[in-house]
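Trainee: I would like to take a close look at a single part of this model, and then follow it outwards into its surroundings.

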Amino acid sequence: MGAGRRPPCRPCSLATAADAPLFYDFSGFDPEYFTLRYRTPDAGELAQRVAGLLGYQPVHQFADRDLDHGAFIPLMAMYPASDVPVVQVSMPSLNPQDLLDLGKNLRPLRTEGILVIGSGYMTHSFAVFRNPELSGHLGAFDEWAAANIHSGNVDALTDYLHQGPGARIAHPTADHYVPLLLAMGAANDPTSARTVFTRKGLGNHIRSIEVY
């Protein structure tokens, strides 16, 4: 289950189709990426469970909504056999507190063995392509975020625009950052967060976080 990066909407909506097509909501990449396929099993039963926990009414469910790249790219790496039911949840807003609250609402799913995923980039700046000197700001933000993730400092992570060094350079828009708050909100113990791997791609920082 993951939070997709479609435009913010309230109330939430769910994409639940079996064998859903993909929405290639990106540009400038090799044409091969626009031929990717990822066909998932039916998730209708899980969607009903999720809908009852979201805290928003009504909840719109779409049997024919495509999976966007915020969902299918990480899932291809994690579950290449595409044999795991997936419910894609739209973000209620780009407000970090809203995503934290949404994660808390979904926390009971953890006891049922359901994985809650928030996907994005630890930094997401296109400006660094044009001005590599900005990379220092991105690195500072990544280090700040990692320190607060590892200590479970959810308050600081939520207030990232004021506390994170270079936050507005690292994240001109919030859509790649706030899914982190979904995951932290769904955690039983935010202080259990750890970095599984980290690297740089396209001048930006990638950091995979696991939290219980």
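Which strands do the buried residues of H2 pack against?

Mentor: The model is a predicted one, and what follows should be read with that in mind. The buried residues of helix H2 pack against four partners, namely strand S3 (22–23), strand S5 (67–68), strand S6 (88–89) and strand S7 (117–118). Helix H2 itself covers residues 69–78, and its buried residues are His69, Gly70, Ala71, Phe72, Leu75 and Met76. At the start of H2, a side-chain oxygen of Asp68 comes to within 2.8 Å of the backbone nitrogen of Gly70, and Gly70 is itself one of the buried residues of the helix.

Following the chain onwards from H2, one enters the loop between H2 and S6, where Ser82 is placed. The phi of Ser82 is near 50°, a positive value in a residue other than glycine. Most residues other than glycine have a negative phi. At 17% relative accessibility, Ser82 counts as buried, because the cut-off for that class is under 20%. A second case of this kind is Leu202, which has a positive phi of about 55° although it is not a glycine. Leu202 lies in the loop between S8 and S9, and at 55% relative accessibility Leu202 counts as exposed, whereas Ser82 at 17% counts as buried.

H2 also takes part in the largest pocket, which has a volume of about 1,800 Å³. The lining of this pocket draws at least two residues from each of H2, S7, helix H9 (179–186), strand S8 (194–201) and strand S9 (204–210), and S7 is also among the strands against which the buried residues of H2 pack. In all, 50 residues line the largest pocket, and those that lie nearest its centre are Pro74, Ser119, Gly120, Tyr121 and Ile206. By residue class, the lining divides into 28 nonpolar, 15 polar and 7 charged residues.

Of the elements that supply this lining, H9 deserves a separate remark: 8 of the 8 residues of H9 are buried, so this helix is largely enclosed by the rest of the structure. The buried residues in question are Pro179, Leu180, Leu181, Leu182, Ala183, Met184, Gly185 and Ala186.

Strands S8 and S9, which likewise contribute to the lining, bring us to the charged pairs, for which the count comes to 3 salt bridges. In one of them, Arg207 and Asp142 meet through their side chains at 2.8 Å, N to O. Arg207 lies in strand S9 and Asp142 in helix H5 (residues 135–150), so this pair ties together parts that are 65 residues apart in sequence. Both partners are buried, Arg207 with a relative accessible area of 17% and Asp142 with one of 5%. Once neighbours within four places in sequence are left aside, Asp142 is in contact with Met122, Thr123, His205 and Arg207, so that its salt-bridge partner appears again in this list.

Another salt bridge joins Glu210 to Arg194, with the closest N and O atoms 2.8 Å apart. Here the pair links strand S9, where Glu210 is found, with strand S8, where Arg194 is found, across 16 residues of sequence. Glu210 is partly exposed at a relative accessible area of 27%, and Arg194 is partly exposed as well, at 41%.

The remaining salt bridge lies between Arg49 and Glu112, whose closest N and O atoms are 2.7 Å apart. Arg49 is in helix H1 (residues 44–51) and Glu112 in the loop between helix H3 (96–106) and S7, so many as 63 residues separating the two. Arg49 counts as partly exposed at 33% relative accessibility, and Glu112 is also partly exposed, with a relative accessible area of 41%.

Finally, Glu210 offers a reference point for a residue in another strand, since Ala15 and Glu210 are 195 residues apart in sequence and 24 Å apart in space, C-alpha to C-alpha. Ala15 is found in strand S2 (residues 13–15), and at 3% relative accessibility Ala15 counts as buried. With neighbours within four places in sequence left aside, Ala15 is in contact with Phe62, Arg65, Val86, Val87 and Gln88, the last of which falls within strand S6 (88–89), one of the strands that the buried residues of H2 pack against.

Methods. Residues are numbered from 1 along each chain as its sequence is written. This is a predicted model: local features need pLDDT of at least 70, side-chain atom pairs count only at pLDDT 80 or more; totals for chains, interfaces and linings use all residues. Side-chain values use heavy atoms; hydrogens and water are left out. Buried means under 20% relative accessible area, exposed over 50%, partly exposed in between (1.4 Å probe, protein chains only). Contact means heavy atoms within 4.5 Å. A polar contact is a pair of N or O atoms within 3.5 Å; within protein, one must be able to donate a hydrogen and the other to accept it, and residues adjacent in sequence count only if both atoms are side-chain atoms. On a 1 Å grid over the protein atoms alone, a cavity is a set of points where a 1.4 Å probe fits but cannot get out, and a pocket is an open set with protein on both sides within 12 Å along at least five of seven lines; lining residues have an atom within 4 Å of a point. Grid points are joined across faces, edges and corners, and a volume is the space filled by probe spheres set on the points. Ala, Val, Leu, Ile, Met, Phe, Trp, Tyr, Cys and Pro count as nonpolar, Asp, Glu, Lys and Arg as charged, and the others, Gly among them, as polar. A salt bridge is a side-chain nitrogen of Lys or Arg within 4 Å of a carboxyl oxygen of Asp or Glu.
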